[in-house]
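Reader: Hello! I am new to this structure, and I would love a close look at one part of it. Could you take me through chain B and the places where the other chain comes up against it?

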Amino acid sequence: MDVSRQVVLPFRKSFEISVKSLQVRFFRSLITVASLVLAVAFLSFILIGGDMATGMLQSGQPELRSALLKAGYDVNPMPVEKSAAPLETVGASAKERWIVILSLLVCTVGIVNAQLMAVTERFREIGTMKCLGALDSFVLRLFLLEAGMQGLAGSAIGALAGILIGVLAGLLRFGFDAVIWLPVGDLGLSFLIAIGVGVALSVLGVVYPAIVAARMRPIEAMRTQE
Amino acid sequence: MEQQAHNIVRVTEVTKSFKMGTQTIQALKGVDLTIRAGEYLSIMGPSGSGKSTLFNMIGGLDKPSTGKVFIDEVDIAQLDAYELAWLRNRKIGYIFQTFNLIQVMTALENVTLPMIFAGMNNDEATEKGLELLGLVGLRERHAHRPQELSGGQQQRVAIARSLANTPAIILADEPTGNLDLTTGEEIISLLQLLSQERGVTVISATHDYKMLSVSDRVVWIRDGRIDKIESRDQLNISVGTIASKDA
């Protein structure tokens, strides 16, 4: 078989198809993304809470330190090596960490479930594409692209919501001190971490459903029942 | 083209059995069939006769349990996934009972998709897509999505799509099954026109008797075997409306 007779799907075209597919199935995508938005919002809420507490501690104001202790934060003394003044950090409690991990796990399972449903709904479409000459890799790529975009949008919304709620909660609890000492760099980092984790989970969650879709035999397109 | 001379599809001693739980069901019990290039062939038979199984075999969608299927003298059992995709993309155009247009795409995008897979650039594909839509009389409706088109219109888009990469074979699975009588007749005469003017081999699985009058040959399948093969002049079923239209 000569090279000019390849079967191809340019990346730009697969991107176009994915975007269109998301637009048309907007409501379906919303449901798929909902659990991701919530989990990422929770993650970024916890992260931003930590950032705020650390900022307040490192402000060196003793009354803020005692306010934090009173509010139930665990203050860990940082190993003093380079800095003259001992810097303290606020560690997320083990319980908090576990709840975050658990929520992310539950969210991933939710994504796998929603995507498997989506694949089932699209059996006919996938089968048809294969009859038209699509390779397994085309189908795989379409699903991964869609999940990536869903992940990016969902995590961005979730991360923003988490930060917003976190800041509001901080304001209510500690007043303006919470925001004044909040390091912008840490805030940005937390935002990026939340988005990164969200996109990774979204793509991770679609891997198995996408493989199921890609391996489907074109004969499925011939089945007459819905 | 030296079409009349060569065999586009050759099926030799094909059997196919499925496992249904503990039972093994033999859908095909040894079928031999040769289809000439440019022919309009209908496969008729009641449901459960093995008609669909044979049809899927011919289309390279399924592999036989024993025996061989050759498309253009290539044994399809020998092809890898990549070559099969190529075959489906270039050699065969599929038409389905349920139209199977991709719902999220417009008529034009549906028609151009196989050309994109074939590596054609966008402008060229659009031009050819519009031309094919013109051929089926839907050029003006190229920007419509499938749900905005009637059943007959959707099937015509599907026919345009099946012609995208100028295939040698068009496989039509009950193409009129979901259409009313008149629309079905329109689709049949369109398929006939294509086979006559473009020399495409049309193979259709059907139990629509309207199909008979346009077929060069009809293969009757019964109980996993070929019951009889009739050529057009042997057919004596009256299909008044179509026959008079063609005359």
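Author: Happily! In this predicted model, chain B has 7 helices and 10 strands. Its radius of gyration is 18 Å, close to the 18 Å that the globule rule gives for 247 residues, so chain B is as compact as a globular protein of that length. Along the principal axes, its C-alpha atoms fill a box of roughly 50 × 45 × 45 Å. Of the 247 residues in chain B, 48% are buried. If you take the contacts in chain B between residues at least 6 apart in sequence, 70% join residues at least 24 apart.

Let us start with a sheet. Four strands of chain B form an open sheet in the order 2-1-4-5, with antiparallel pairing. Its edges are strand 2 (23–36) and strand 5 (74–75) of chain B, each of which pairs on one side only. Strand 1 of chain B, residues 7–20, runs antiparallel to strand 2 of chain B, and 11 bridges join the two. To find this pairing on your screen, look for B:V9, which stands opposite B:I35 in strand 2 of chain B.

Now move to strand 8 of chain B, residues 201–206, where 6 of the 6 residues are buried. Cover comes on both faces: B:T201, B:I203 and B:A205 are buried on one side, and B:V202, B:S204 and B:T206 are buried on the other. Strand 8 of chain B pairs with strand 3 of chain B (residues 40–44) in the parallel sense, over 5 bridges. Within that pairing, B:I43 stands opposite B:A205. Strand 7 of chain B (residues 169–173) also runs parallel to strand 8 of chain B, joined to it by 5 bridges. Here B:I170 is the residue opposite B:V202. Follow the chain from strand 7 through helix 6 (residues 181–198) to strand 8 of chain B, and you have traced a right-handed β-α-β unit.

One residue of this region deserves a pause, and that is B:L171. Setting aside residues up to four places away in sequence, B:L171 touches B:I58, B:G59, B:I92, B:Y94, B:I95 and B:I203. The largest nonpolar core has 124 residues, and B:L171 is among those with the most contacts inside it, along with A:V40, A:V139 and B:I58. Helix 2 of chain A, residues 26–58, gives the most to this core, with 16 residues.

Next comes helix 3 of chain B, residues 107–117. Here 11 of the 11 residues are buried, so this helix is largely enclosed by the rest of the structure. Among the buried residues are B:E109, B:N110 and B:T112, as well as B:L108, B:V111 and B:F117. What lies over them? The cover for the buried residues of helix 3 of chain B includes helix 1 (11–24) of chain A, and from chain B helix 2 (81–91), helix 4 (122–135) and helix 5 (151–162). Just after helix 3 of chain B you will meet B:G119, with a positive phi of about 85°.

That brings us to the place where the chains meet. In all, 24 residues of chain A are in contact with 25 residues of chain B. On the chain A side, the elements giving two or more residues are helix 1 and helix 5 (123–131) of chain A. The residues on this side of chain A divide into 13 nonpolar, 5 polar and 6 charged.

Helix 5 of chain A is worth a look of its own. This helix is mostly covered, with 7 of its 9 residues buried. They are A:E125, A:I126, A:G127, A:T128, A:M129, A:K130 and A:C131. These residues pack against helix 6 (136–174) and helix 8 (184–214) of chain A, and also against helix 2 and strand 6 (92–95) of chain B. After helix 5 of chain A comes A:G133, whose phi is positive, near 110°.

To finish, you can trace helix 1 of chain A across the two parts of this tour: it helps to cover the buried residues of helix 3 of chain B, and it is one of the elements on the side of chain A that touches chain B.

Methods:
Residues are numbered from 1 along each chain as its sequence is written. Chains are lettered from A and ligands numbered from 1 in the order in which they are written. This is a predicted model: local features need pLDDT of at least 70, side-chain atom pairs count only at pLDDT 80 or more; totals for chains, interfaces and linings use all residues. The radius of gyration is taken over C-alpha atoms; the globule rule is 2.2 Å times the number of residues to the power 0.38. A residue is buried if 20 or more other C-beta atoms lie within 10 Å of its own, exposed if 12 or fewer, and partly exposed in between; C-beta atoms are placed from the backbone. Two residues are in contact if their C-beta atoms, placed from the backbone, lie within 7 Å. Ala, Val, Leu, Ile, Met, Phe, Trp, Tyr, Cys and Pro count as nonpolar, Asp, Glu, Lys and Arg as charged, and the others, Gly among them, as polar. Two strands pair if DSSP finds at least two bridges between them. A crossover is right-handed if, with the strands pointing away from the viewer, the path from the first strand over the helix to the second runs clockwise. A nonpolar core is a set of buried Ala, Val, Leu, Ile, Met, Phe, Trp, Tyr and Cys residues joined through C-beta atoms within 7 Å.
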